[in-house]
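Student: I am new to this structure and would like to know what stands behind the terms used for it. Please take me through them one at a time.

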Amino acid sequence: VRDANARFADVAQAKAEGYGPIPCVSGIDGGAMGIHYVNPKLIDDKVEIDHPEAVMYEPGADGKLTLVGVEYIADKGPAALGGQLFAFTNAPNRYGLPAFYELHVWAWKANPTGTFADMNPTVSCDMAPMEGM
């Protein structure tokens, strides 16, 4: 995953490939997913390791976004990548999306709760912009 998506270290590359930001996502029990840059054209029943449906960044105090992980999303399931099953998110959900399957991969920032966990307790939304991106 790291090698296939290293190009996203610069958020400008994500933008150039059609990804757009959604607000920073944090958990009610702490931790966060960060700011997702999502490419809605990729959300279908195909999963390609080098074309994640979302790229996740942690906002820093200096305004810089640091790549922390990617998220693979499929609209049909069950879905899997490299033998790892995706989690099912039913509708209605906080994203306002139809039901979907997703897999987070914390490839650039270690997650003490697991490489494929949704929230990362070491990621924060504290420095995320409050309006627009």
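Tutor: Begin with a side chain in a loop: that of N93 reaches the backbone oxygen of N90 at 3.1 Å. The side chain of N93 also reaches the backbone oxygen of L97, at 2.9 Å. This is a predicted model, in which local features need pLDDT of at least 70 and side-chain atom pairs count only at pLDDT 80 or more, while totals for chains, interfaces and linings use all residues. Residues are numbered from 1 along each chain as its sequence is written, and side-chain values use heavy atoms, with hydrogens and water left out.

Student: What makes a pair of atoms a polar contact?

Tutor: The two must be N or O atoms within 3.5 Å; within protein, one must be able to donate a hydrogen and the other to accept it, and residues adjacent in sequence count only if both atoms are side-chain atoms. The side chain of N93 reaches the oxygen of N90 at 3.1 Å and that of L97 at 2.9 Å, so both distances fit the limit of 3.5 Å.

Student: Why is N93 called buried?

Tutor: Buried means under 20% relative accessible area, exposed means over 50%, and partly exposed lies in between (1.4 Å probe, protein chains only). N93 has 17% relative accessibility, so it counts as buried.

Student: Which residues does N93 touch, leaving out those up to four places away in sequence?

Tutor: They are P98 and F100; contact here means heavy atoms within 4.5 Å. N93 itself is found in the loop between β7 and β8. Helices (H or I, at least four residues) and strands (E, at least two) are DSSP runs, numbered from the N terminus.

Student: How do you know that β7 and β8 pair?

Tutor: Two strands pair if DSSP finds at least two bridges between them. Three bridges join β7 to β8 (residues 100-105), so the rule is met. The two strands run antiparallel, and T89 stands opposite F100 in β8.

Student: Which strands make up the open sheet, and in what order?

Tutor: Six strands form it, in the order β1-β2-β3-β4-β8-β7, with antiparallel pairing. β1 (20-26) and β7 (87-89) each have a single partner strand, so one side of each is left without a neighbour in the sheet.

Student: How many bridges join β1 to β2?

Tutor: Five bridges join these antiparallel strands, and S26 stands opposite A32 in β2. In their hairpin, which has five residues between the strands, G30 takes a positive phi near 100 degrees. On the other pairing of β2, four bridges link β2 and β3 in the antiparallel sense; there the bridge partner of Y37 is V55 in β3.

Student: What makes a set of residues a nonpolar core?

Tutor: Its members are buried Ala, Val, Leu, Ile, Met, Phe, Trp, Tyr and Cys residues joined through side-chain atoms within 4.5 Å. The largest such core has 22 residues, and those with the most contacts inside it are F8, Y19, I35, Y37, V55, Y57 and L65. β2 gives the most to this core, with four residues. Seven of the seven residues of β2 are buried. A second, separate core of 10 residues includes Y72, A79, Y101 and L103.

Student: Why is the pair R7 and E17 called a salt bridge?

Tutor: A salt bridge is a side-chain nitrogen of Lys or Arg within 4 Å of a carboxyl oxygen of Asp or Glu. The side chains of R7 and E17 meet at 2.7 Å, N to O, so the pair qualifies. The count by this rule comes to two salt bridges.

Student: Are R7 and E17 buried or partly exposed?

Tutor: R7 has 29% relative accessibility, so it counts as partly exposed. E17 is partly exposed as well, at 25%.

Student: Which residue forms a salt bridge with E58?

Tutor: K109 does, with the closest N and O atoms 2.7 Å apart. E58 lies in strand β3 and K109 in the segment after β8, 51 residues apart. E58 has a relative accessible area of 14%, so it is buried, whereas K109, at 24%, counts as partly exposed.

Student: Where are the cis peptide bonds?

Tutor: One runs from G77 to P78, with omega near 5 degrees, and P78 lies in the loop between β4 and β5 (80-81). Another joins A91 and P92, with omega about 0 degrees; P92 lies in the loop between β7 and β8. Most peptide bonds are trans.
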